[in-house]
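Please open the model in your viewer and keep the selection panel at hand. The stops below proceed from one selection to the next, with a short account of what is found at each.

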Amino acid sequence: MGNLIKNFFIALRQIFIGNSAYYLWIAFLAFFILLGFSAYLEQLNRGLITTAMRDQVSWGLFISNFTFLVGVAAAAVLLVVPAYLYNFKPIKEIVLFGELLAITAITMCILFILVDMGQPLRVWHILPFIGAMHFPASLLAWDVVVLNGYLAINSIIAFYVLYRLSIGKEYSMSVIGPLIILSIPWAVSIHTVTAFLYNGLSARPFWNASILAPRFLASAFCSGPAIMLILFQIIRKRSEVDIDNKAIFKIAELIAYAMAINLFLLGAEAFKEFYSGGVDSYSIQYLYFGLHGKTSLVPWMWAATIMNTTAFFLFLFPKTRENFTTLNLGCILIIMGVYIEKGMGLVVPGFVPDALGEIYEYSPTKSEILVTMGIWAAGALLYTLLLKFAVPIYTGKLRFETTAGKA
Amino acid sequence: MQKITKKRDGIHLDRRSFLKGAALGLAGTALPLKKAEASFWESFFQKHFKEMNDAEIKQVLGRLEEEYEKKYKIAIKVGNEKEIPGVLFGYGLDLSRCIGCRRCEYACVDENNQSKDPQIHWISVLRFKKGEKWVDLENSEKYYNPELVPEPEYFYMPVQCQQCEDPPCVRACPTQATWKEPDGIVVVDYNWCIGCRYCMAACPYGARHFNWTEPGRKSEEINPQTHYLGNRPRYKGVVEKCTFCIQRTRNGRYPACVEACPVGARKFGNLLDPNSEIRYAIEHKRVFRLKEDLNTNPKFYYFFAYGV
């Protein structure tokens with residue numbers, strides 16, 4: 001055990017070793033983390049009045065980012081499915097990086113929830129046993145369970161694999177196989193529960209549509225892998241990790257199918273809302289056309305729709321998806337498109353018009369944006385450090401004596 | 001140098017001292033240790049209201065009274081009157097009488113110690129144009145401001161917590177910080193609420209309000225007769241709502257809004273008492289409840305007693 005801890009610290013030391021570009025990148029992230037942190041201190045002092053949220057629109061940019069990132073976390077691991085089901089080796093080799101992304105995304109989710117809380121010191125009230133977790137009635141309690149469980153599962157898998165690699169051994173599927181199998185439905189569950197969190201509220205017709213959870217999953221299957229594709233290219237450029245083009249193109253193909261389903265579900269929802277045209281369709285009207293002259297989300301939503309559609313065609317044709325310029329363009333379009341659609345485009349219209357018919361146009365404040373950027377920077381930093389820790393072990397650069405591993 | 005200032009609820013560090021503490025990596029030690037600050041920890045470790053016995057609750061009430069006195073420099077009584085057996089509170093509102101004067105709205109603020117800066121109102125009076133679609137509330141105007149009310153071409157509908165029998169907000173709360181009391185009142189424990197605002201998303205009546213900042217209310221404006229689950233002064237970052245004036249109604253008084261209404265549009269009473277005014281209204285008038293399609297079963301009945 002003592003050796004194990006010692007070796008962990010030896011591996012950990014890797015995160016301090018890097019060239020000037022690495023330090024510059026860390027400094028760049030630290031700058032935004034500090035900016036966000038100081039904005040958050042101000043928010044702690046004055047309360048959430050530093051945000052643009054009010055009683056009418058009581059959730060905003062923070063919860064939007066949370067929702068988007070749950071999707072990223074879920075999809076990063078769902079790449080496991082083809083890898084293990086079809087034993088597709090090129091993807092199987094890079095699953096570890098997906099798991100590290102899932103760990104990062106869930107950590108960011110938790111940060112976004114914490115900064116959204118009015119009384120963050122009381123967070124322990126939500127825990128079972130020591131607090132008063134309202135399980136199973138409250139969907140938010142379910143979310144706490146599935147998100148933390150997911151974080152635990154992925155941390156165990158990732159660190160077990162790294163441990164085995166570090167002592168120069170193949171990881172044993174009999175140990176980790178069940179966990180990997182479990183992580184698949186669990187990944188589906190984190191996004192389904194998060195969708196149900198909105199879906200279960202009859203007070204908000206925009207969310208109270210059964211298509212919500214399927215749409216969540218479909219869009220997550222687009223944005224998560226799109227982020228992975230960009231990261232894979234950076235990882236293989238910046239380190240000795242070799243990632244096969246075949247894996248990248250296969251994932252791009254999966255994105256095309258997911259986006260097709262996502263666009264179809266969007267169409268199904270739009271048809272129902274606009275054709276039947278009851279009072280419950282005011283929110284989607286507000287989203288795409290504006291309501292009573294209030295149109296702040298309209299340009300964003302059309303931009304998102306155009307981006308998603310363009311990306312769909314880019315990924316559909318082998319010629320454009322196997323060309324790195326158009327592939328990366330498609331990835332960026334999808335990340336931005338889904339970020340709008342599953343972020344502000346989902347959260348805000350749930351509150352517009354509000355329960356008493358009022359239209360309050362929400363637009364995040366500078367403070368909210370700084371805190372959000374700070375958390376994104378913290379996420380980027382965490383992923384960078386995780387890679388710094390994992391890559392030398394993964395590539396075989398860092399190996400420990402087997403005897404040490406036995407300890 | 002003691003840079004930690006204790007003001008209002010909890011501890012506020014100025015930025016520099018916080019950063020200093022964080023830089024030392026000893027943020028924990030920056031938290032209060034002196035006896036005077038002990039109430040911070042007592043408050044932090046306070047148990048869930050329903051898990052405390054009478055002695056523990058009494059201790060909490062005493063601590064709160066001390067805290068409030070320190071903050072507002074006046075004696076504030078924090079009561080914990082229990083429900084009266086055999087009582088289920090219900091409310092009636094005669095829309096044909098309401099003149100949209102908002103006296104109920106401000107009487108509520110005076111009684112229940114809401115923040116006046118920024119303003120928090122538990123009652124919203126909605127104005128509708130006569131002859132236009134109104135039940136979906138989409139054409140309502142909350143911020144109407146004429147010289148005189150009532151305006152001939154409009155009618156008015158006050159909305160507050162409907163005290164649902166099946167409250168979606170209670171189901172949503174992840175920490176059981178809000179619940180329905182045996183007399184039907186939905187209450188919030190301001191010392192247990194984590195401020196996630198899920199209940200606000202769940203409420204179909206816009207009845208829940210959040211303290212987006214430290215509630216602003218001068219000492220001389222405080223109503224010192226309070227209830228733990230009702231109108232005691234609130235904190236920044238917690239949700240609050242109408243409690244049918246629990247501090248009054250559990251002592252046999254009417255809610256402040258009922259007393260304030262100049263036209264007698266507001267009725268209040270015990271739904272289990274066949275001779276109560278509210279039962280008379282339900283049995284003899286054509287009553288409806290807001291958003292009945294959601295099956296929340298409000299105990300707040302709207303009706304039209306007479307006339308146009």
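Begin by selecting helix α6 (residues 95–116) of chain A together with α9(A): their axes come within 11 Å and cross at roughly 120°. That angle makes α6(A) oblique to α9(A), and the crossing is right-handed. The model is a predicted one, in which local features need pLDDT of at least 70, side-chain atom pairs count only at pLDDT 80 or more, and totals for chains, interfaces and linings use all residues. Residues are numbered from 1 along each chain as its sequence is written, while chains are lettered from A and ligands numbered from 1 in the order in which they are written.

Several terms recur on this tour. Helices (H or I, at least four residues) and strands (E, at least two) are DSSP runs, numbered from the N terminus. Axes are lines fitted to C-alpha atoms, for helices over the stretch in contact, and angles run from 0 to 180 degrees between N-to-C directions. Angles under 35 degrees count as roughly parallel, over 145 as roughly antiparallel, 65 to 115 as roughly perpendicular and the rest as oblique. A crossing is left-handed if the near helix is turned anticlockwise from the far one by less than a right angle, and right-handed if clockwise.

**Helix α9 of chain A and its partners**

Remain at the first pair and display A:F97, A:G98 and A:L101 of α6(A), which make the contact with A:M228, A:L231, A:F232 and A:I235 of α9(A). Two residues are in contact if their C-beta atoms, placed from the backbone, lie within 7 Å. By class, the residues of this contact are six nonpolar, one polar and no charged (nonpolar: Ala, Val, Leu, Ile, Met, Phe, Trp, Tyr, Cys and Pro; charged: Asp, Glu, Lys and Arg; polar: the others, Gly among them).

Next, replace α6(A) with helix α3 (residues 61–78) of chain A, whose axis lies 7 Å from that of α9(A) at an angle of about 75°. The two helices, α3(A) and α9(A), are therefore roughly perpendicular. Residues to display from α3(A) include A:G71, A:V72 and A:L78, and those from α9(A) include A:F216, A:P225 and A:M228. This contact comprises 11 nonpolar, four polar and no charged residues.

**Helices α7 and α8 of chain A**

Now select α7(A) and α8(A), whose axes come within 9 Å and cross at roughly 150°. These helices, α7(A) and α8(A), are therefore roughly antiparallel, and their crossing is left-handed. Their contact has 22 nonpolar, five polar and one charged residues.

The loop between α7 and α8 of chain A holds A:K169. Is A:K169 buried or exposed? A:K169 is exposed, because 11 other C-beta atoms lie within 10 Å (buried: 20 or more other C-beta atoms within 10 Å of its own; exposed: 12 or fewer; partly exposed: in between; C-beta atoms placed from the backbone).

**Where chain A meets chain B**

Colour the two chains separately and select the contact, which takes 39 residues from chain A and 45 residues from chain B. On the side of chain A, the elements giving two or more residues are α2 (20–46) and α7 (139–166). The chain A side divides into 21 nonpolar, 11 polar and seven charged residues.

Then centre on A:A203, in the loop between α8 (173–199) and α9 (212–238) of chain A. With 23 other C-beta atoms within 10 Å, A:A203 is buried. Leaving aside neighbours within four places in sequence, A:A203 is in contact with A:A355, B:P168, B:A202, B:C203 and B:P204.

**Backbone details**

Most residues other than glycine have a negative phi, and most peptide bonds are trans. Select A:F135 and A:P136 to view a cis peptide bond, with omega near 5°; A:P136 lies in the loop between α6 and α7 of chain A. A second stop is A:V352 and A:P353, joined by a cis peptide bond with omega of about -10°.

For positive phi, select A:H292, which is not a glycine and has a value of about 50°. A:H292 lies in the loop between α11 (282–288) and α12 (298–316) of chain A, and counts as exposed with 11 C-beta neighbours inside 10 Å. In chain B, finish at B:N297, where phi is near 50°; B:N297 counts as partly exposed, with 13 C-beta neighbours inside 10 Å.
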